[in-house]
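The dialogue below is a short tutorial on reading a structural model. A learner asks how each feature is to be read, and a teacher replies.

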Amino acid sequence: MTAKSFLAAWNEFFFADQSPIPIALFRVIYGVMVIATLLLLRPDWMAWYGPHAWVSLPTMQGIEPGPRLNLFTVLPETYFWAQALFWVFLASAACLTIGFLARVNSVVVYLCLASIQQRNLFILHGGDTFLRVAGFFLIFAPAGAAFSVDRLIRIWRGREGAEIRLRRPWAQRMIQFELTLVYFVGFCWKVAGAPWVEGSALSYIYHVDELQRFPVPSWFLNPTILKLATWFTLVLEFALGVLIWIKEIRYYLLAIGLFFHLCLEYSLNVPMFQWDVLSAYVLFIDAGDLQRVWNRIRDRTGTHFGEQVTVIYDGSSERLRRIANLLGAIDIFSRLSFVDLRDAAAPGGARMKAARDKLEVETEFGPRQGLDAVRTVASVVPLLWPVYLVLSIQKLFKLRVA
Amino acid sequence: MEQLTLTEKYSKERYRKFMESVLDEKNAMLWPDVARHVARLPEIRGGGPRKVMLVARWSNVVRQEDGTFARGPWDEHVFYSYDVKPEDLQ
């Protein structure tokens, strides 16, 4: 490989446009991980981060001297501000999850996450650190490009169409690297320790009562099995740290990794660690494959949400075109089909006139317009079920009044 | 940790992690803070604590002759003692 071809491959890897679907999906899962971490911390929030916490702020600053990204050092050290930080953090994580002001909220989430980690370094596990580092790169990623309220707003404002624009994946690549480093560094630390090399490490771990969660089968505690499992862990960590970049074996490794982490989640009590690590697996799945998997799920489950509904609109109206695009983006189970009256196949004449100002919906009981049309559409689009519920209650109330 | 329910164990795991750090002599700078926090716990503060002693309780996992592993007998020692000052309870 020449220097020129290496540079070209490097640029292709980091900067060639690709679908932002994996990183957008990661943003959703990441947000859920942060929320779950926060909720687990909630009962002891004051004990860890309050003004009279287990570790005082001056002690922590003495341990970690110098400037640190830690909001606790600039906020007044009171119960009120410690509580306020929790709620701001939670609200921001929720907004990040749904993709509302994704960029701003990724910054806020990162700042809050860095702050609580800096406030007490002694209660962290590798999953927490992974979340923090991934959160940093998420700030620069096109995380709100899909599955987000931001996208719906952009569609509504006419800045974006139905197609999801391709983006540069460098920030996604950095998170991928971070995940592989978690495994590779883990592997390097382990091989430096005699218990892992001689195969006794898991025997120790599975005899520490404090770490146990659900009971494991007795055959698993057999010394030979534990020895093999110890070595298997080493091999797997090396493979997930290095060989995962080989496309042909990537999905096999991800499947084994998934099984491995689920086994650990079952048997060992390390809250959130496995899920934090697994959250980034989605970044290694090709966007096309994600789409294919989703199409399969959609085809199998979509019909349960009711018959497909045809939405007729006049594409020459800017407002109606935006609404149709918006509905298309929300309709993740493809329960809607759209007919633009400008198309040759569209019904003409009176229908054209009727649909000029409003959306019209074709149902088996005839056409619907106005709130009835919205209600019909909302009934088959799961993300609009809250709207359907509100409109149904309103309709029921009107009928009773009448 | 062994005495907690599964749910409690899941949400309180950070205490186990924290105590793991506290027991390490490299982190001795944490001991006064931990002792003060213990003195301020509502169930202890009420009794007017004058001294807090941090006790390590452990049992080694020992390899048996047949290659299996088992826990040895429990042992304990006081690794830090702190005289509570009135201002600690403010």
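The exchange moves from conventions to overall form, cores, helices, strands and the chain contact.

Q: Which conventions apply to this predicted model?

A: It is a predicted model, in which local features need pLDDT of at least 70 and side-chain atom pairs count only at pLDDT 80 or more, while totals for chains, interfaces and linings use all residues. Residues are numbered from 1 along each chain as its sequence is written, and chains are lettered from A and ligands numbered from 1 in the order in which they are written.

Q: How many helices and strands does the secondary structure of chain A comprise?

A: Helices (H or I, at least four residues) and strands (E, at least two) are DSSP runs, numbered from the N terminus. Chain A has 19 helices and 4 strands. Its C-alpha atoms fill a box of roughly 80 × 55 × 55 Å along the principal axes.

Q: What percentage of chain A is made up of buried residues?

A: A residue is buried if 20 or more other C-beta atoms lie within 10 Å of its own, exposed if 12 or fewer, and partly exposed in between, with C-beta atoms placed from the backbone. Of the 402 residues in chain A, 28% are buried. As for contacts (two residues whose C-beta atoms, placed from the backbone, lie within 7 Å), residues 24 or more positions apart account for 74% of those in chain A with a separation of 6 or more.

Q: Which residues have the most contacts inside the largest nonpolar core?

A: A nonpolar core is a set of buried Ala, Val, Leu, Ile, Met, Phe, Trp, Tyr and Cys residues joined through C-beta atoms within 7 Å. The largest one here has 58 residues, and those with the most contacts inside it include A24(A), V109(A), A134(A) and I175(A). At least two residues of this core come from each of α2 (21-41), α5 (79-98), α6 (102-119), α7 (126-138), α9 (170-191) and α14 (273-279) of chain A, and likewise from α2 (13-22) and α3 (31-40) of chain B. The most is given by α2(A), with 8 residues. A second, separate core has 15 residues, among them L341(A), L359(A), A378(A) and V381(A).

Q: How should one read α7(A), and against what do its buried residues pack?

A: An α-helix has 3.6 residues a turn, so residues three or four places apart point the same way. In α7(A), the buried residues include F130(A), V133(A), A134(A) and F137(A). The buried residues of this helix pack against α2, α6, α9 and α14 of chain A. Leaving aside residues up to four places away in sequence, A134(A) touches Y30(A), I175(A), E178(A) and A280(A). The expected span of a helix is 1.5 Å times one less than its number of residues; with 13 residues, α7(A) reaches 18 Å from its first C-alpha to its last, close to the 18 Å expected.

Q: Why does α15(A) lie largely in the open?

A: The number of buried residues among the 15 of α15(A) is 0, so the helix lies largely in the open. Helix α15 (residues 287-301) of chain A should span 21 Å, and its end C-alpha atoms are 21 Å apart, which agrees.

Q: In what sense do β1(A) and β2(A) pair?

A: Two strands pair if DSSP finds at least two bridges between them. Strands β1(A) and β2 (residues 336-340) of chain A pair in the parallel sense over 5 bridges, with V309(A) opposite L336(A). Between them the chain passes through helix α16 (residues 318-330) of chain A, and this β-α-β crossover is right-handed, a term that applies if, with the strands pointing away from the viewer, the path from the first strand over the helix to the second runs clockwise.

Q: Which strands of chain A run antiparallel?

A: Strands β3(A) and β4 (residues 366-369) of chain A run antiparallel, joined by 4 bridges, and form a hairpin with 2 residues between them. β1(A) and β3 (residues 360-363) of chain A also pair in the antiparallel sense, over 3 bridges. There T310(A) stands opposite E362(A), and E362(A) stands opposite P367(A) in β4(A).

Q: How many residues does the contact take from chain A and from chain B?

A: The contact takes 22 residues from chain A and 22 residues from chain B. On the side of chain A that touches chain B, α4(A) gives the most, with 3 residues.
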